[in-house]
Amino acid sequence: MHHQKALKQLIEGNRRFAAMKQKHPHQTHAHRQELVEGQHPFAAILSCSDSRVPSEIVFDQGLGDLFIVRTAGHTIDDLVIASLEYAVFVLKVSLIMVVGHEQCGAVTAVLTGQELPGHLPALAHHLNPALESIDTQADHAIETAIKINSCYTARTLINHSEVLRQATEADQLRIVPAYYDLKTGVIELLA
Ligand SMILES: [Zn+2]
């Protein structure tokens, strides 16, 4: 599926969800059986792990529709990139949407400089380059930071992956950063 059509399908699903007019597609017994043969997801989602942004629900999709990678703050490392390369190179997905969201705890924690135990500083390490330019005193600083982080992740995917870059240059792939509003349920495209 061309990325233009994939994007349209995602946005239409999200608007159904936001309006509480879901179709709940591809969730029948018959469809589950069809998928045993193989998967052909039409888009990949790289989202924050936040429990309020479950991809199939907010895009009103079903089984076999979306290839999904989720980490706190949609931070990326080699394994995340490899998973997305699999979606593009093997499954021929033409669209990756990076989904940041309102009130992201990961971004907020880094922005406010909280002391974090265990492996959590790794999150800050990955998020920091995106957040360096933020004026934390400005109005809507956190919302701005979350949006900048989403765009940063989309850019970094291209910069760190030969597979994704080549697919993008050949117009076989589009990577689009987005922002999810918790109150309205609406996905806003950032590029
Ligand atoms: Zn989050």
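**Exercise 1. Find which residues of helix 1 are buried, and decide how they are arranged around the helix axis.**

Step 1. In this predicted model, the buried residues of helix 1 are His3, Ala6, Leu7, Leu10, Gly13, Asn14 and Phe17.

Step 2. Around the axis these residues cover an arc of only 130°, which means that they lie on the same side of helix 1.

Step 3. The helix itself runs over residues 3–18, and the distance from its first C-alpha to its last is 22 Å, close to the 22 Å expected at 1.5 Å a residue.

Step 4. The elements that cover the buried residues of helix 1 include strand 1, helix 3 (55–58), strand 3 (95–101), strand 4 (174–180) and strand 5 (187–189).

Step 5. After helix 1 comes Met20, which has a positive phi near 55°.

**Exercise 2. Describe the order of helices and strands along the protein, and work out how compact the protein is for its length.**

Step 1. The protein contains eight helices and five strands, and their order along the sequence is α-α-β-α-β-α-β-α-α-α-α-β-β.

Step 2. The radius of gyration is 17 Å, close to the 16 Å that the globule rule gives for 191 residues, so the protein is as compact as a globular protein of that length.

Step 3. The C-alpha trace spans about 50 × 40 × 30 Å along the principal axes, and 37% of the 191 residues count as buried.

Step 4. Among contacts with a separation of 6 or more, 69% are made by residues 24 or more positions apart.

**Exercise 3. Determine which strands pair with strand 1, and in which sense they run.**

Step 1. Strand 1 covers residues 43–48, and six of its six residues are buried.

Step 2. Strand 2 (residues 66–71) runs parallel to strand 1 and is joined to it by six bridges; here the bridge partner of Ser47 is Arg70.

Step 3. Strand 3 also pairs with strand 1 in the parallel sense, over four bridges, and in strand 3 it is Val99 that stands opposite Ser47.

**Exercise 4. Establish whether Ala44 is buried or exposed, and place Ala44 among its contacts.**

Step 1. Ala44 belongs to strand 1, and because 25 other C-beta atoms lie within 10 Å, Ala44 is buried.

Step 2. Leaving aside residues up to four places away in sequence, Ala44 touches Phe67, Leu84, Ala87, Val93, Leu95 and Ile96.

Step 3. The C-alpha atoms of Ala44 and Met97 are separated by 6.4 Å, although the two residues are 53 residues apart along the chain.

Step 4. The largest nonpolar core has 48 residues, and those with the most contacts inside it are Ala43, Ala44, Leu84, Leu95, Ile96 and Met97.

Step 5. Ile96, in turn, touches Ala44, Leu46, Leu84, Leu173 and Ile175, again without counting residues up to four places away in sequence.

Step 6. As a general background, nonpolar side chains in soluble globular proteins tend to be buried together.

**Exercise 5. For His24 and for Asp60, state where the residue lies and whether it is buried or exposed.**

Step 1. His24 is in the loop between helix 1 and helix 2 (29–34), and its phi is positive, near 45°, in a residue other than glycine.

Step 2. Because His24 has 12 C-beta neighbours inside 10 Å, it counts as exposed.

Step 3. Asp60 is in the loop between helix 3 and strand 2, and although Asp60 is not a glycine, its phi is positive, about 45°.

Step 4. Because Asp60 has 22 C-beta neighbours inside 10 Å, it counts as buried.

How values were computed. Residues numbered from 1 in each chain as written. Predicted model: local features only at pLDDT ≥ 70, side-chain atom pairs only at ≥ 80, totals over all residues. Helix = DSSP H or I, 4+ residues; strand = E, 2+ residues; numbered from the N terminus. Rg over C-alpha atoms; globule rule 2.2 N^0.38 Å. Buried ≥ 20, exposed ≤ 12 C-beta atoms within 10 Å, placed from the backbone. Contact = placed C-beta atoms within 7 Å. Expected span 1.5 Å × (residues − 1). Arc of directions from axis to C-beta. Core = buried A, V, L, I, M, F, W, Y, C linked by C-beta atoms within 7 Å. Pairing = 2+ DSSP bridges.
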